[in-house]
2 protein chains.
Amino acid sequence: MTIKEAKQQFIQSWGAIGTQWGVNKTMAQIHALLLVSNGPLSTEEIMEQLSISRGNANMNIRELMEWALVDKVFKAGERRDFFIAEKDIWRVARQVAKIRKKRELEPIIRLLDQIENIEGVKNEELKTFLKLLHDVRRLALNAERLIDGIVKSEENWFWGRVFKLFTK
Amino acid sequence: MTIKEAKQQFIQSWGAIGTQWGVNKTMAQIHALLLVSNGPLSTEEIMEQLSISRGNANMNIRELMEWALVDKVFKAGERRDFFIAEKDIWRVARQVAKIRKKRELEPIIRLLDQIENIEGVKNEELKTFLKLLHDVRRLALNAERLIDGIVKSEENWFWGRVFKLFTK
DNA sequence: TTCTACTTTCAATAAATATTGAAACTTTAT
DNA sequence: ATAAAGTTTCAATATTTATTGAAAGTAGAA
């Protein structure tokens, strides 16, 4: 396998994996393309390499910038925008964790806050239901705390601790 | 809010949250319905309460059983199937972690295994690319190990340790 | 075996999501 | 100011994913 083929493979697969992760294929592919490219790429180059339209490229680049996985850079004497990806994979992971926390965990907590006050006699049924709500809330809060920890940690520190967690 | 309304709200929102989590709405709603129901429910009852077709109900119940979040139970003297949800939320979380690991992490590791042997001179470009592949692999393996740890742990033990992790 | 109650499958259809491409908009150079 | 180069938006369209419902399949009772 040549390096060119390997990069192509990486881009294709990153796209496929992205869909499993609930991010759209093009977004994941652009991210992969920028990860494996040496220098910054223009919108034109991204469009060409991935065979996608200008609109599609634009929208997904913008979303990647919102996720803080991609930055816009300027080249001296060039009018158009160029883009680079964050190459520090641990930083990428922390960023993704942060965003998924917001999208996946926070809605649960908001939901549970909303359901708080239930009228009615405190019979078996209500007690069971309240226990469920309480358990889900506790889990969500703990998971949130874990992610906050991850987001704040240095890579080596974090995995070092996790390693100890499960061996000693 | 009455308990009935609260349960309704829970089911609707669990469905909406499910879509964020990449599971289909109906599957999440059936899960929620079974979680808040006191006894086992038949396919008919699920269809009626969620206003969905028989085929839809059947397929999603089956998938929930594959995920090991729902079990089939038999009632004495009843011919049709009844279903219950696993109510231990920590067990549910572990189960979901296990499945998402398989769907989201394992493909990455498989991908990287596949790209291993790249021909060509060991220039700057190749070195940078290999570093990327290596970093992604290390992250995926570490995340996998973390999830394996979660899957094997008792709830209190796990969160107790995580709590210590980020305070001391 | 046939009838009946129930479950599963799957082609057709609906709904949700992603993509295109051209028009509108913005910015810089002249 | 106007033109040129580049960017953004968004209605139309294509693609993917979920859902329906009826037909085929299964298993227990008579």
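## Two DNA strands and a protein pair

Me: What makes up the surface near DNA strand C, and which element gives the most to it?
Reply: α4(B) does, with four residues. "Near" here asks for a residue heavy atom within 4 Å of the strand, and a helix is a DSSP run of H or I with at least four residues, numbered from the N terminus. α4 of chain A and α4 of chain B each supply at least two residues of this surface.

A word on the ground rules. This is a predicted model, with local features needing pLDDT of at least 70, side-chain atom pairs counting only at pLDDT 80 or more, and totals for chains, interfaces and linings using all residues. Residues are numbered from 1 along each chain as its sequence is written, chains are lettered from A and ligands numbered from 1 in the order written, and side-chain values use heavy atoms, with hydrogens and water left out.

Me: Which residues come closest to DNA strand C, and how many surround it?
Reply: There are 16 around it, and the closest are A:Thr26, A:Ser53, B:Asn58, B:Arg62 and B:Asp81. Of the strand's atoms that come within 4 Å of the protein, 67% are sugar and phosphate.

Me: What makes A:Ser53 a polar contact of DNA strand C?
Reply: The rule wants a pair of N or O atoms within 3.5 Å; within protein, one must also be able to donate a hydrogen and the other to accept it, and sequence neighbours count only if both atoms are side-chain atoms. A backbone N or O atom of A:Ser53 sits 2.8 Å from a phosphate oxygen of strand C, so the pair passes. B:Arg62 gets to a phosphate oxygen of that strand with a polar side-chain atom, also at 2.8 Å. B:Arg79 goes for a base oxygen instead, at 3.1 Å.

Me: How do you know what kinds of residue the surface near DNA strand C has?
Reply: By class: Ala, Val, Leu, Ile, Met, Phe, Trp, Tyr, Cys and Pro are nonpolar, Asp, Glu, Lys and Arg charged, and the others, Gly among them, polar. That sorts the surface into one nonpolar, eight polar and seven charged residues.

Me: And DNA strand D: which residues come nearest?
Reply: Of 15 around it, A:Asn58, A:Arg62, A:Asp81, B:Thr26 and B:Ser53 do. The side chain of A:Asn58 puts an N or O atom 2.3 Å from a phosphate oxygen of strand D, while for the side chain of B:Asn24 that distance is 3.4 Å, so both are polar contacts. α4(A) gives the most to this surface, with four residues.

Me: Why is the pair B:Glu125 and A:Lys7 called a salt bridge?
Reply: The term needs a side-chain nitrogen of Lys or Arg within 4 Å of a carboxyl oxygen of Asp or Glu. Here the closest N and O atoms are 2.7 Å apart, so the name fits. The rule finds six salt bridges across the interface of chain A and chain B. On the chain A side, α6(A) gives the most, with 15 residues.

Me: How do you know how much chain A and chain B bury between them?
Reply: Buried area is the accessible area (1.4 Å probe) lost on putting the two parts together, summed over both. It comes to about 5,500 Å², 71% of it on carbon and sulfur atoms. The contact (heavy atoms within 4.5 Å) takes 58 residues from chain A and 58 residues from chain B.
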